[in-house]
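Q: Please pick one part of this structure and look at it closely. Describe what surrounds it as well, in plain terms for someone new to the subject.

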Amino acid sequence: MRNLSTAMRAALTARVLRPAILIELTFKSGTYFVHTGIGQITWNGNTYLGVGSLGKVGTITENTTVEAAGTTLTLTGVDPTLYADCMTDIVTGLPARILLACLSGSTVIDALVIFSGLVDQPTITENSDDITVTLALENALTNLQRPHRSLYTAVDQRMKWPNDNGFDWITSLIDTANTWG
C-alpha cells in the first residue's frame, strides 16, 4: 500500500482529475525530463518537455509478490538525422523513473513514482520520414538474476581495491601446514 500525500489524495478525489505521466531518463549525455502532455511543466526543480501523442508508456504492473516486471517507453516521429545520436546516447543500465502526477492547470500538485528501473536494450524502427525508438525498462531486481562475475582472485581483488595484495598469499597458504598449541 502506498502512502499518498494529502495534496495527492485531494487531487485524486476531486471532481476533475488532470493526470500526467512524468518520465525521467538518463542517457550518456545527461538526464532528460518529458511528460505525456504538451508544453512544459515543472516538478521538483526539473522542467519536463511535453511529447504529447508521440510518446507511449507500456503497461506497468504491480503486485504483492517479489517480481522484476519491466515496461517500455516508445517515442515516434523522431527525425531520422538523429538516428546516430540515438545509437550512441542510449546506454543500458542507466536509471529511469516514471511518475504519475496530478495537475492543476500546468502546475504539478504532487507526483508519485509508479516505476523505477534501468534502461535496457532499445529497439529502433526506421521509416522514410521518421524513426520510432522503443526503450525497454527493467526493474532493478533483474540484476539479481544475472550471474556474479567476480572471483576470489588477486586480479579481481585489485580491480576493486588496487592496493590490496592479500590474495597474493593464497597460493602459498594451500600447502602450508599449521599446528595450533
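A: Arginine 97 is partly exposed, with a relative accessible area of 29%. On this scale, buried means under 20% relative accessible area, exposed means over 50%, and partly exposed is what lies in between (1.4 Å probe, protein chains only). The model is predicted, so local features need a pLDDT of at least 70 and side-chain atom pairs count only at pLDDT 80 or more, while totals for chains, interfaces and linings use all residues. Residues are numbered from 1 along each chain as its sequence is written, and side-chain values use heavy atoms, with hydrogens and water left out.

The side chain of arginine 97 meets that of glutamate 24 in a salt bridge, at 3.0 Å from N to O. A salt bridge here is a side-chain nitrogen of Lys or Arg within 4 Å of a carboxyl oxygen of Asp or Glu. Arginine 97 lies in strand β7 and glutamate 24 in strand β1, so the pair ties together parts that are 73 residues apart in sequence. Helices (H or I, at least four residues) and strands (E, at least two) are DSSP runs, numbered from the N terminus. In contrast to its partner, glutamate 24 counts as buried, at 13% relative accessibility.

What holds for the strand around glutamate 24? β1 covers residues 19–27 and is mostly covered, with seven of its nine residues buried. β1 and β7 run antiparallel and are joined by seven bridges. Two strands count as paired if DSSP finds at least two bridges between them. Within this pairing, isoleucine 23 stands opposite isoleucine 98 in β7.

β1 also pairs with β2: the two run antiparallel, joined by six bridges. Threonine 26 has threonine 31 in β2 as its bridge partner. The connection from β1 to β2 is a hairpin through two residues. Further along, β2 (residues 30–35) pairs with β4 (residues 46–50) in the parallel sense over two bridges, where valine 34 stands opposite leucine 49.

These strands belong to an open sheet of nine, in the order β3-β4-β2-β1-β7-β8-β9-β6-β5, with mixed pairing. At the edges stand β3 (40–43) and β5 (55–57), each with a single partner strand, so one side of each has no neighbour in the sheet. From one strand to the next, the twist averages 30 degrees. Helix α1 (residues 6–13) lies across β7 (95–104) and β8 (107–126), running at about 80 degrees to β8. Contact means heavy atoms within 4.5 Å; axes are lines fitted to C-alpha atoms, for helices over the stretch in contact, and angles run from 0 to 180 degrees between N-to-C directions.

Beyond β8 in the order comes β9. β8 and β9 pair in the antiparallel sense over eight bridges, and four residues lie between them in a hairpin. Glutamate 126 stands opposite isoleucine 131 in β9.

The arginine 97 pair has a counterpart, as the structure holds two salt bridges. In the other, arginine 158 and aspartate 168 have their closest N and O atoms 2.4 Å apart. Arginine 158 is in helix α3 (residues 154–160) and aspartate 168 is in the loop between α3 and α4 (170–174), 10 residues apart. Both ends are partly exposed: arginine 158 has a relative accessible area of 33%, and aspartate 168 has 34%.
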